[in-house]
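Grab a pencil and open the viewer. Here are some short exercises, each with a solution worked out in steps.

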Amino acid sequence: MINTIQDVKKKFDVEDVRKDFPILQRAVNGSELVYLDNAATTQKPQAVIDALTHYYTYDNANIHRGLYFLSEFATEQYENARLKVKEFINAISASEIIFVRGTTEAINLVATSLWREKYFNEGDEVIISNMEHHANIVPWQIAGGRKKINLKVIPITDDGELDLNAYESLINEKTKLVSIVHISNSLGTINPIKKIVDIAHSKKIPVLIDGAQAIPHFKVDVQELDADFYAFSGHKIFGPTGIGVLYGKTELLEMMPPYQGGGDMIRTVTFEKTTFDDLPRKFEAGTPNIAGAIGLGAAIDYLNQFDRNDLCNYENELLNYATARLLEIDGLKIIGNAKEKASVISFVIDGIHPYDIGTIIDTDGIAIRTGHHCTQPIMNRYNLPATARASLSFYNTKSEIDKLIVGLQKVKKMFA
Ligand code: PMP
């Protein structure tokens, strides 16, 4: 068989990959940076940084408005980025890709627009889970103003897995939407998302998937999942901040009214009445994050050089290594032990506050997250104020994990 250029994938080699990320070469507090907070945001390869610099240096103009070369060229690059996203998640059409600021804005868009469409009545129910990020809780609470959408919450087991029997029993005639996280940012659990979608669809209920943590870890195919909505953030897949994606099925997006009004989303405006543009522009009021979209396109190109399975397998190897090494530490407990897990590890150490752990290891240049990770309900579920969290990407190494372990041993000694 003859491979096309796109089929020939670059062999994954962690040391080569690290050279693509200039920040990994820097020092923090006199030590080499050990960046283990990838669930919060990922670092950017030089190709993404170059795409942003190139755009602002040579190509900057506003899009969709000018008939001159630069404006048309900027428009072409912005729309080309949309096509890259469409291919990346296997949407049917580029008009199903709405550029937003990130996962948070994507979910707010859906909640606000569906409420305005009167898709929800007061007292209708949205099913979420106990492991949702605040971005998939608060928008539903505020969408209706004083009229309330009720949240029904799928409980989780002690290991951090969804209770699917409980999920099924929550569905009733008031259930209007299931809105669920694909991978938990605080537990690492990979939810059985296809099963969740199938159960909802058997009752004709649409499903929104918060893919913020899933999209960096493995290939997502929205058609295979039959997702009605899929939301993610560019900055978590090695792209810029301030750009993200809402994917929605055409028939749903067509039915939904605009989220924001302004320039670029209209066809005609009078003081009496406005008519709106087609998808996707109906949902992109005002000057969008043009450079951000182009940078996201560059991040997708970067990822597409590799076989995503190679990256995923390597991250799983790191996850297993880190889990085993962390458990060597006396008094350390991992929070979230689902069978299907991504490379996100929350932990606590007896008698030591997570903030102390984070602050002390930072003195050796080791960056982990400490706190509630914008998932306060899951902290309440485990009766914890906070956890420490190491989240690994394909540019991390076993030797960085070893440095984390040395750092944690130092913390233990200080508190002994
Ligand atoms: N959902 C999940 C699961 C997340 O991890 C995050 C980011 N921590 C968000 C939503 C919100 O993403 P953003 O802040 O990029 O909008």
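What follows is a set of exercises on this predicted model, starting at the ligand and moving on to the backbone and to pairs of residues.

**Exercise 1. Find out which residues are closest to the ligand, and sort its surroundings by class.**

Step 1: Count the neighbours. The ligand is surrounded by 13 residues, and the closest are Thr104, Asp210, Gln213, Ser233 and Lys236.

Step 2: Sort the shell. It holds 8 polar residues, 3 nonpolar ones and 2 charged ones.

Step 3: Look at where the ligand sits. Its space is the largest pocket.

**Exercise 2. Work out which ligand atoms pair up with the side chains of threonine 104, aspartate 210 and serine 233.**

Step 1: Start with threonine 104. An N or O atom of its side chain is 2.6 Å from an oxygen atom of the ligand.

Step 2: Go to aspartate 210. Here the ligand brings a nitrogen atom, and a polar atom of the aspartate 210 side chain lies 2.6 Å from it.

Step 3: Finish with serine 233. A side-chain N or O atom of this residue is 2.7 Å from an oxygen atom of the ligand.

Step 4: Now ask how much of the ligand gets covered. On its own the ligand exposes 400 Å², and the protein buries 85% of that.

**Exercise 3. Track down the cis peptide bond before proline 280 and say where proline 280 sits.**

Step 1: Check omega. From leucine 279 to proline 280 it is near 0°, and the bond is cis.

Step 2: Place the residue. Proline 280 belongs to the loop that runs between β12 (274-276) and α10 (290-304).

**Exercise 4. Lysine 118 and histidine 373 both have a positive phi; decide for each whether it is buried or exposed.**

Step 1: Take lysine 118. Its phi is about 65°, although this residue is not a glycine. You'll find lysine 118 in the loop between α4 (103-116) and β5 (125-129).

Step 2: Judge its accessibility. Lysine 118 has 65% relative accessibility and the cut-off for exposed is over 50%, so lysine 118 counts as exposed.

Step 3: Take histidine 373. Its phi is near 55°, and the residue is found in the loop between β16 (369-371) and α13 (376-381).

Step 4: Judge this one too. Buried means under 20%, and histidine 373 has 7% relative accessibility, so it counts as buried.

**Exercise 5. For alanine 291, find its helix, its burial and its C-alpha distance to tyrosine 56.**

Step 1: Alanine 291 is part of helix α10.

Step 2: Its relative accessible area is 4%, so alanine 291 is buried.

Step 3: Along the sequence, alanine 291 and tyrosine 56 are 235 residues apart, while their C-alpha atoms are 7.5 Å apart in space.

**Exercise 6. Do the same kind of check for two residues of helix α11, tyrosine 314 and arginine 325.**

Step 1: Tyrosine 314 sits in helix α11, which covers residues 308-326. With a relative accessible area of 12%, tyrosine 314 is buried.

Step 2: From tyrosine 314 to histidine 134 you cross 180 residues in sequence and 30 Å in space, C-alpha to C-alpha.

Step 3: Arginine 325 lies in helix α11 as well. Its relative accessible area is 19% and the cut-off is under 20%, so arginine 325 is buried.

Step 4: The C-alpha atoms of arginine 325 and histidine 235 are 29 Å apart, with their positions 90 residues apart along the chain.

**Exercise 7. Where is lysine 339, and is it buried or exposed?**

Step 1: Lysine 339 is in the loop between β13 (332-335) and β14 (344-349).

Step 2: A relative accessible area of 71% makes lysine 339 exposed.

Step 3: To tyrosine 230, the gap is 109 residues in sequence and 24 Å from C-alpha to C-alpha.

Methods: Residues numbered from 1 in each chain as written. Predicted model: local features only at pLDDT ≥ 70, side-chain atom pairs only at ≥ 80, totals over all residues. Heavy atoms only, no water. Near = heavy atom within 4 Å. Polar contact = N/O pair within 3.5 Å; in protein donor to acceptor, adjacent residues only side chain to side chain. Areas by Shrake-Rupley, 256 points an atom, 1.4 Å probe, with all protein chains shown as cover. 1 Å grid on protein atoms, 1.4 Å probe; cavity = no way out; pocket = protein on both sides within 12 Å on 5 of 7 lines; lining within 4 Å. Sits in = over half its atoms within 2 Å of the grid points. Nonpolar A, V, L, I, M, F, W, Y, C, P; charged D, E, K, R; others polar. Helix = DSSP H or I, 4+ residues; strand = E, 2+ residues; numbered from the N terminus. Buried < 20%, exposed > 50% of the residue type's maximum accessible area, 1.4 Å probe, protein only.
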